Amino acid sequence: MNRRTTRAAVTATATQWLLSAWFLLPMIPVMLWAVARTWPAPLPLPSDWGFSGFLDALHDSATSAFGASLILGTLTAVLATPAGAMAAYALAYGHLRGHRSLSVLLIAPAFVPPFVIVMGLNVTLLRLHVPSLAGISLVLMVTAIPYTTFVMRSAFAGYDVTVEDEARMLGASTRAVLTRVRLPLLAPALATSAFLAFLVGWSDYIVTLLIGGGQFVTVPIRIAAAASGTGNEPVIAALSITAAAPPLLLLVTVGLLSRQRRRRRASANPVTHTPAYLTASGALR
Amino acid sequence: MKRFVLLILPAAVPTALVLGAAVTMGVAQSMGLTPVAGGPQSSLDAYSAVASSGELAPAVVISLSIALVATAIAIAVGFTTALAMTTTRFGSKVLKGLAISTIPIPHVIGAAAIGLLLADSGWLARLFGSTAGNWPQFVAGPWWAATIIEYAWKESAFIALVVAATLSRDADELAKTAAVLGAGPAARMRYVTMPLATPALILAGTLSFVYALGSFEVPWLLGRAYPEPLPVLAYRLFTSTDLEVRPQAFAVSMVTMAIALVIGVSALRLFRRQVVTA
């Protein structure tokens with residue numbers, strides 16, 4: 001190995017470590033604060049360990065905020081996933097007139113800041129006496145549709161329709177084609193798209209704040225309230241871990257399950273779908 | 001055909017209604033229509049009021065600068081990460097895992113975490129043993145550093161994964177072919193990797209930019225009280241007890257949307273051209 005390649009290898013290794021630190025560093029103080037009982041200012045590590053942050057959060061109705069976030073995430077996923085899947089199907093096979101404008105319409109919410117949407121919609125929702133949960137879900141659904149539609153469109157782009165013809169030739173009914181062929185093959189993409197839609201609801205702040213008017217308290221709203229004050233570090237950390245853990249666990253579980261599935265039926269060919277993270281950023285806003 | 005039209009309605013109707021109502025009502029209220037008291041008269045008073053109050057121009061400049069710097073860092077870090085992810089073992093295992101885990105963390109938590117890391121009583125200040133007043137003002141400072149770092153952190157993971165997904169498909173094969181044909185590392189980067197990665201970089205970069213431009217909670221938590229970026233300004237005017245300034249909130253909101261749209265449309269054009277020529 002000559003000197004130049006050695007130097008290149010050293011640079012590469014250093015870059016990799018720097019990048020790892022970049023992604024990891026912000027979460028370290030959160031993890032430390034979550035298990036710190038007392039951590040006076042100049043000390044680099046807590047002086048006393050404990051779970052007071054979690055206990056304080058529990059006392060301060062963190063469970064109801066958790067429930068509210070769960071409801072929002074689930075509603076968004078339940079509404080936006082089938083809508084996105086059906087729209088993607090229609091765009092893939094429908095030869096619709098206005099195909100291009102429809103595509104633009106369905107991707108447009110990703111390019112309009114949520115606060116613009118909510119502020120504009122607020123008076124209308126109030127005048128029509130739309131209950132705030134329904135209003136929030138409607139806006140979150142629309143915000144999630146670009147992502148669910150996009151994931152399902154790329155899934156249909158890699159979907160081999162002739163498999164359905166084969167099933168039909170072998171005597172499968174329309175219903176059997178749907179439940180035994182199409183849905184199983186599209187399951188990974190549907191899971192990805194539901195996960196993204198869930199994240200839109202789970203991590204939303206401004207839509208819940210403006211339409212809910214402070215009545216609907218989710219985990220992000222609790223975290224923002226705690227973070228805008230001072231001296232709440234253990235509670236902020238505990239709530240942050242509570243809010244980050246469920247989607248992370250979901251991600252790991254789905255990853256492990258799909259790996260197992262892939263191994264089990266290496267011969268079958270589930271549609272390679274856009275990975276969860278591909279469109280996730282919007283979801284995570 | 002009819003069946004397909006029915007299938008697209010559950011997504012298209014709510015989207016069209018929500019966007020249509022939001023934009024129409026936003027424009028109308030910014031022009032003083034549907035006022036709280038008095039008859040409807042349309043005017044651009046709210047726009048000139050918020051402009052002459054000296055709040056709009058700084059808001060536009062700050063929001064654009066934050067979004068620009070944050071996106072530039074996110075693209076640089078994200079692209080480097082994507083290269084490491086697709087070419088090295090460490091990258092494909094460790095870096096990919098770290099980037100994926102960053103994705104589902106909500107921005108509010110990202111902001112809280114960056115605060116715990118960078119504030120003057122934050123972890124880094126403690127690690128470096130900085131005494132009060134010594135630590136650079138990342139949080140609520142004049143350079144919006146904590147806000148920019150939060151966006152750059154979250155969005156670099158997003159950009160890395162989008163670009164890596166594009167590169168992993170065929171970049172390796174093509175780069176090997178190019179190497180066999182005598183292309184050096186620089187030539188492979190310029191003629192193979194970059195053309196493959198550019199469309200993904202444009203798309204992911206634009207989404208990041210528009211997000212950083214229009215997001216409220218991060219600059220609200222990590223930024224300074226004055227001057228305010230566009231979403232923070234709009235929110236304050238919107239929730240103000242003085243209902244007279246309500247139209248100004250919508251004027252700020254419409255300006256933000258116009259900027260986002262101009263950037264979105266030009267990026268889409270650029271994207272199309274890139275895809276066609278690639």
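Which residues in α7(A) meet which residues in α9(A)? In this predicted model, Leu140(A), Thr143(A), Ala144(A), Tyr147(A), Thr148(A), Val151(A), Met152(A) and Ala155(A) in α7(A) meet Leu186(A), Ala189(A), Thr192(A), Ser193(A), Leu196(A), Ala197(A), Val200(A) and Gly201(A) in α9(A). By class, this contact of α7(A) with α9(A) has eleven nonpolar, five polar and no charged residues. The points below turn to the geometry of this helix pair, then to one residue of α7(A), to chain A as a whole and to its contact with chain B.

**The pair α7(A) and α9(A)**
- Helix α7 of chain A covers residues 132–157 and helix α9 of chain A covers residues 174–203, and the axes of the two come within 9 Å and cross at roughly 160 degrees.
- Because angles over 145 degrees count as roughly antiparallel, this crossing makes α7(A) roughly antiparallel to α9(A).
- As for its hand, the crossing of α7(A) and α9(A) is right-handed.

**Leu133(A)**
- Leu133(A) is found in helix α7 of chain A, and its C-alpha atom is separated by 19 Å from that of Val116(A), a residue that is 17 residues apart from Leu133(A) along the chain.
- Leu133(A) counts as partly exposed because it has 17 C-beta neighbours inside 10 Å, whereas a buried residue would need 20 or more and an exposed one would have 12 or fewer.

**Chain A as a whole**
- Chain A has 13 helices and two strands, and its C-alpha atoms fill a box of roughly 75 × 75 × 35 Å when taken along the principal axes.
- Of the 285 residues in chain A, 46% are buried.
- Among the contacts in chain A with a separation of 6 or more, 77% are accounted for by residues that lie 24 or more positions apart.
- Chain A is divided into domain 1, given as 1–25, and domain 2, given as 63–283, and the centres of these two domains, taken over C-alpha atoms, are separated by 37 Å.

**Contact between chain A and chain B**
- On the side of chain A, 78 residues are in contact with 84 residues of chain B.
- The residues of chain A that touch chain B divide by class into 63 nonpolar, 13 polar and two charged.

Conventions: Residues numbered from 1 in each chain as written. Chains lettered and ligands numbered in written order. Predicted model: local features only at pLDDT ≥ 70, side-chain atom pairs only at ≥ 80, totals over all residues. Contact = placed C-beta atoms within 7 Å. Nonpolar A, V, L, I, M, F, W, Y, C, P; charged D, E, K, R; others polar. Axes fitted to C-alpha atoms, helices over the stretch in contact; angles between N-to-C directions. Helix = DSSP H or I, 4+ residues; strand = E, 2+ residues; numbered from the N terminus. Parallel < 35°, antiparallel > 145°, perpendicular 65-115°, else oblique. Left-handed = near helix turned anticlockwise from the far one by under 90°. Domains from an automatic or database assignment.
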